[in-house]
Amino acid sequence: MPIRKLTLLRHAKAVPALPGVDDHSRPLNGRGRSAARQVGVETAGARPDLVLCSTSTRTRETWALLSQAWETTPPVLVEDALYMADVEALLARLRRIPGEISHAWLIGHNPGLHDLANLLAEGIGQVAHFPTAARARLEFVADDWDELGRLPLRRLDVFTPARD
């Protein structure tokens with residue numbers, strides 16, 4: 001059976017939410033831009049086959065900045081349903097990834113991503129804290145993505161960029 005890799009990435013730090021300002025449109029702040037670039041350098045050798053990204057400004061900016069460190073970029077699907085999605089919606093979307101994809105990324109938001117990381121990591125560890133720009137890389141052995149969450153993980157690795 002093939003090894004499947006999933007990388008969950010929470011968007012980098014955004015400007016604060018303000019009354020009357022659309023949350024969906026919040027851009028990254030300076031620390032967030034720096035952290036996104038740092039994640040790009042840390043992950044440059046781990047190019048996925050597919051990236052799923054929320055439509056929010058902060059997730060799209062996170063992707064744009066981190067991918068600058070990569071020689072080539074994979075196909076990216078920017079999907080509105082990923083914006084602030086809960087764990088069930090995220091898991092359902094990931095289970096629809098085509099079988100030819102062996103490594104996928106999901107760039108989104110808490111609490112859904114943190115909840116998903118802990119659901120999938122059950123039995124091998126817990127992700128105690130999932131701050132902005134945190135990355136969790138998971139591996140499992142399965143014939144198809146539909147088996148995600150139904151089989152145990154082989155590996156869990158969490159990275160959090162250093163603060164400026």
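1. Two strands are said to pair if DSSP finds at least two bridges between them; strands (E, at least two residues) and helices (H or I, at least four) are DSSP runs, numbered from the N terminus. In this structure, β2 and strand β3 (residues 76-79) run parallel and are joined by four bridges. Within this pairing, Ser54 stands opposite Glu79 of β3.

2. The model is predicted: local features need pLDDT of at least 70, side-chain atom pairs count only at pLDDT 80 or more, and totals for chains, interfaces and linings use all residues. Residues are numbered from 1 along each chain as its sequence is written, and side-chain values use heavy atoms, with hydrogens and water left out.

3. β2 also runs parallel to β4, and four bridges join the two. Ala104 in β4 is the bridge partner of Leu50.

4. Five of the five residues of β2 are buried (under 20% relative accessible area, 1.4 Å probe, protein chains only), so β2 is largely enclosed by the rest of the structure. Leu50, Leu52 and Ser54 point one way from the strand, whereas Val51 and Cys53 point the other way.

5. The largest nonpolar core (buried Ala, Val, Leu, Ile, Met, Phe, Trp, Tyr and Cys residues joined through side-chain atoms within 4.5 Å) has 29 residues. Among the elements that each supply at least two of its residues are β1 (3-10), β2 (50-54) and α4 (112-121). The greatest contribution, five residues, comes from α4.

6. A second, separate core has 16 residues, including Leu28, Cys53, Trp70 and Trp105.

Notes. Buried < 20%, exposed > 50% of the residue type's maximum accessible area, 1.4 Å probe, protein only.
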